[in-house]
Amino acid sequence: MAKVNICNVEVLDNPASFFDPFKFRITFECHEPLDDDLEWKLVYVSSAYNPALDQTLDSILVGPIPVGRHQFSFEANAPDPKIIPNEDIVGVTVVLIQALYRDKEFIRVGYYVNNEYKTEELRLEPPAEPLLNELERHIIASDPRVTRFPIDWGDGLLDGCPEPEQPTEDNEESNLLVNEEQVENISQLDQENEGQNNKLEPSSFCEGQSGVQFIENTSCMPLHPVQSSNVPVDTF
């Protein structure tokens, strides 16, 4: 069993303009004391065809982490458009929230991101050179994709499981990256998601026969503020 589980991720300020910062509120539960801080990363996929262009928008340390349920806000600047190929600026891409302990990733939450023009005129006749100030960013908050990785938390065990075959970074991202046939379906999800609450109900991630999924969690302890010099502390 992992020593840390994510209970909830809330997408804030969604939709937003292209240059607005990404904002998330993350709730997680720690089942056993940790000797070191947790590292959280936010990664923007600039191109589905070139992982070298992935942008780490921010990387923060959160700790110390006592046993209990904790919450913090994670904010990061928008990606650098100079790194994104022009043909990939408008349309669907992916943003990843990664959680690591001692430099080992143990959970990843991915969201589709749809960048489209605010006006119908520009959507119907997009300019050859993207107009960044006219773009609006929609995170498809209702359709997160979660991947868990068993790691050694310091006791010599991999979450109590035998050592799994380690997927490559490229293969993991390919589970989220989209092709042209999927864009229409994701745009439909975007429209259905518009106006809905961007918060996932309190839950935990668990592995079932069909993979990792959200399940209702009734065992979480009371929330505690997380102390970190890099993360604003929420009070309860």
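**Exercise 1. How many aromatic pairs does a search of the whole structure find?**

Solution. Keep in mind that this model is predicted. The search turns up nine aromatic pairs. Let's look at one of them: F28 and W40 have ring centres 5.6 Å apart, with 45° between the planes. Planes under 30 degrees apart would count as stacked and those over 60 as edge-to-face, so a pair in between is tilted. The F28–W40 pair is therefore tilted.

**Exercise 2. Work out which parts of the chain the F28–W40 pair ties together, and whether each residue is buried or exposed.**

Solution. Start with the strands: F28 sits in strand 3 and W40 in strand 4, so the pair links parts that are 12 residues apart in sequence. Next, check accessibility. Buried means under 20% relative accessible area. F28 has 0% relative accessibility, so F28 is buried. W40 also has 0%, so W40 is buried too. Finally, widen the view: F28 and W40 join F72 and F74 in one aromatic cluster.

**Exercise 3. Find which strand gives the most to the largest nonpolar core.**

Solution. First, meet the core: it has 42 residues, and those touching the most other members are F24, L38, W40, L42, I97, F106 and Y111. Eight strands supply at least two residues each, namely strands 1, 3, 4, 5, 6, 7, 8 and 9. Strand 8 gives the most, with six residues. Apart from this core lies another, of seven residues, including V43 and I140.

**Exercise 4. Which residue lies over the face of F22?**

Solution. Look above the ring of F22: R137 lies over its face, 3.8 Å from the ring centre.

Conventions. Residues are numbered from 1 along each chain as its sequence is written. This is a predicted model: local features need pLDDT of at least 70, side-chain atom pairs count only at pLDDT 80 or more; totals for chains, interfaces and linings use all residues. Side-chain values use heavy atoms; hydrogens and water are left out. A nonpolar core is a set of buried Ala, Val, Leu, Ile, Met, Phe, Trp, Tyr and Cys residues joined through side-chain atoms within 4.5 Å. Buried means under 20% relative accessible area, exposed over 50%, partly exposed in between (1.4 Å probe, protein chains only). Helices (H or I, at least four residues) and strands (E, at least two) are DSSP runs, numbered from the N terminus. Rings of Phe, Tyr and Trp (its six-membered ring) pair if their centres lie within 6.5 Å; planes under 30 degrees apart count as stacked, over 60 as edge-to-face and the rest as tilted. A charge sits over a ring if NZ of Lys or CZ of Arg is within 6 Å of the ring centre and within 35 degrees of the ring normal.
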